[in-house]
Amino acid sequence: MLSLLLIVLACRKQDDYKKYLGNGEIRYTGKADSLQVHPGRNRVQLTWLLFADPKINRAIVYWDNRKDSMIVNIKRGEGIDTIRCFVNNLEERNYTFEVYNFDVDNNISVRTEASGFVFGSLYEDALLSRAITGSDFKGADAEISLADIDTTGGIVAMQIKYTTTDNNLHDTVIKSIGKDQKIILPDYLPLTPYQCRTLYLPDTLAVDTFHTVFETNYIKYDVTSQYIRNPGNPFELDNSKPFGGRFGQLKDWQYNAEAEKNGTYDNIDGQGRMTLWIWGNGPINNGKIYQTFTLPAGSYRFGADISNIDGTLENTWLTIAAGKQLPNIENINTALNAGRIVNKNTTSINATFTLETDTEVTAGLVGTFSNPTEQTIRIKRVFLIREK
């Protein structure tokens, strides 16, 4: 009797669900398969696959613990369909999304769930620009060198706006390479700025690109040949002046008596160099080698590449000054700028300066040589770069 009673009760419980189904058993339609969350700027794109059930005609998407939802209308094609929809106006944080498919008979699928992060201004404001390590002209084209990066850090490209010699503004996007990347900007108009910013994808599935703010830069422009005569590499000898052995005077340069007495030109190893020196035949007090010219307003860099230095130089400066003369060493702080040259560890030297208006300037070398009694500087070349 007890066994019979248990069998009856079990059959009743198995049939209880039927009162909720109307005419029969539950019918589930095909679920949202392979649901993915593609992050974006205060939005996401959801994608999923439909493998079966051609009667599916809509889906409902829930998020925020079902506080928010949206209906996605679906028009089925043949075979496997990819469904895509955007959820907009989202705060910058993580979300979990639930998707249910429905068919024309109002049958529901089982739930599919996926999570993803929404990005916005907090993420974008923290982005860093990719560093520019150098820029120069290669013929008529500009070349920009970029710092190496970890390609997994989200940087995908550089956006650059620049002007060509026909006065047209170009806006280009260059895909990022992790190491040794150089960007060529064809037919670049000298002395015009370019703007650049770094583009990021926060995730490999991201549908929106984020970026740093535009930064304004200039391509350094070598104006040496426009202003400096006989800039070197090698330097030329002034054949009109007396010389003996290796030593003589530089062509097209001015020099005072202190620099002149040992020679401003040294033809060492067959290569003409600018020089100031003593080798037991000193002293030289404020010896000066220089040229004077007028520059337009702008930012500049006057520099020199040094061939070699013997000993430790007592007091020698690469100098740029306003007017027709270089200052004496004791007044070197009156120059627009000056860089001190000390010993063989100095292979190049620069002096940067900015002019607000067209200005007559004097550029060159000034040095005092007495102790030690053996001191030499030989310069391969000088150059003048306009930064902007």
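Which residue in strand 7 is the bridge partner of N94? The legends below take you there and onward through a predicted model.

**Before you look: how to read the views.** In this predicted model, local features need pLDDT of at least 70 and side-chain atom pairs count only at pLDDT 80 or more, while totals for chains, interfaces and linings use all residues. Residues are numbered from 1 along each chain as its sequence is written, and side-chain values use heavy atoms, with hydrogens and water left out.

**View 1. The whole chain.** Welcome to the full picture: the chain holds four helices and 27 strands (helices are DSSP runs of H or I with at least four residues, strands are runs of E with at least two, and both are numbered from the N terminus). Along its principal axes, the C-alpha trace spans about 135 × 55 × 35 Å. The radius of gyration is 38 Å, where a compact globule of 388 residues would have one near 21 Å (the radius is taken over C-alpha atoms, and the globule rule is 2.2 Å times the number of residues to the power 0.38). Of the 388 residues, 44% count as buried (buried means under 20% relative accessible area, exposed over 50%, and partly exposed in between, with a 1.4 Å probe and protein chains only). Among contacts between residues at least 6 apart in sequence, 67% join residues at least 24 apart (a contact means heavy atoms within 4.5 Å).

**View 2. Strands 6 and 7.** Here is the answer to the opening question: N94 has F117 as its bridge partner in strand 7. Strand 6 (residues 94-103) pairs with strand 7 in the antiparallel sense, over six bridges (two strands pair if DSSP finds at least two bridges between them). Strand 7 (residues 112-117) has two faces to look for: T112, A114 and G116 make up the covered one, while E113, S115 and F117 make up the uncovered one.

**View 3. Strand 10 and its two partners.** Strand 10 (residues 155-163) is largely enclosed by the rest of the structure, because seven of its nine residues are buried. With strand 13 (residues 193-200), strand 10 runs antiparallel and shares six bridges; one pairing to find is K161 with Q195. With strand 11 (residues 169-175), strand 10 is also antiparallel, joined by seven bridges, and T163 has L169 as its bridge partner there. Five residues lie between the strands in the hairpin of strands 10 and 11, where N167 takes a positive phi near 65°.

**View 4. E124 in helix 2.** Zoom in on helix 2 (residues 121-125), which contains E124. With a relative accessibility of 15%, E124 counts as buried. Leaving aside neighbours within four places in sequence, E124 is in contact with R41, F210 and H211.

**View 5. F383 and its surroundings.** F383 belongs to strand 27 (residues 374-386). Its relative accessible area is 6%, so F383 is buried. Not counting residues up to four places away in sequence, F383 touches T224, I228, R301, F302, G303, A304, D305 and N350. Another residue to locate is Y194, 189 residues from F383 along the chain, with 23 Å between their C-alpha atoms.

**View 6. Two cis peptide bonds.** G282 and P283 are joined by a cis peptide bond with omega about 0°. P283 sits in the loop between strand 20 (271-279) and strand 21 (284-295). A cis bond also runs from N371 to P372, with omega near 5°. You can find P372 in the loop between strand 26 (359-369) and strand 27.

**View 7. Two asparagines with positive phi.** Although N233 is not a glycine, its phi is positive, at about 60°. N233 is in the loop between helix 3 (224-227) and strand 17 (247-248), and N233 is partly exposed, with a relative accessible area of 48%. N286, also not a glycine, has a positive phi of about 55°. N286 lies in strand 21 and counts as buried, at 7% relative accessibility.
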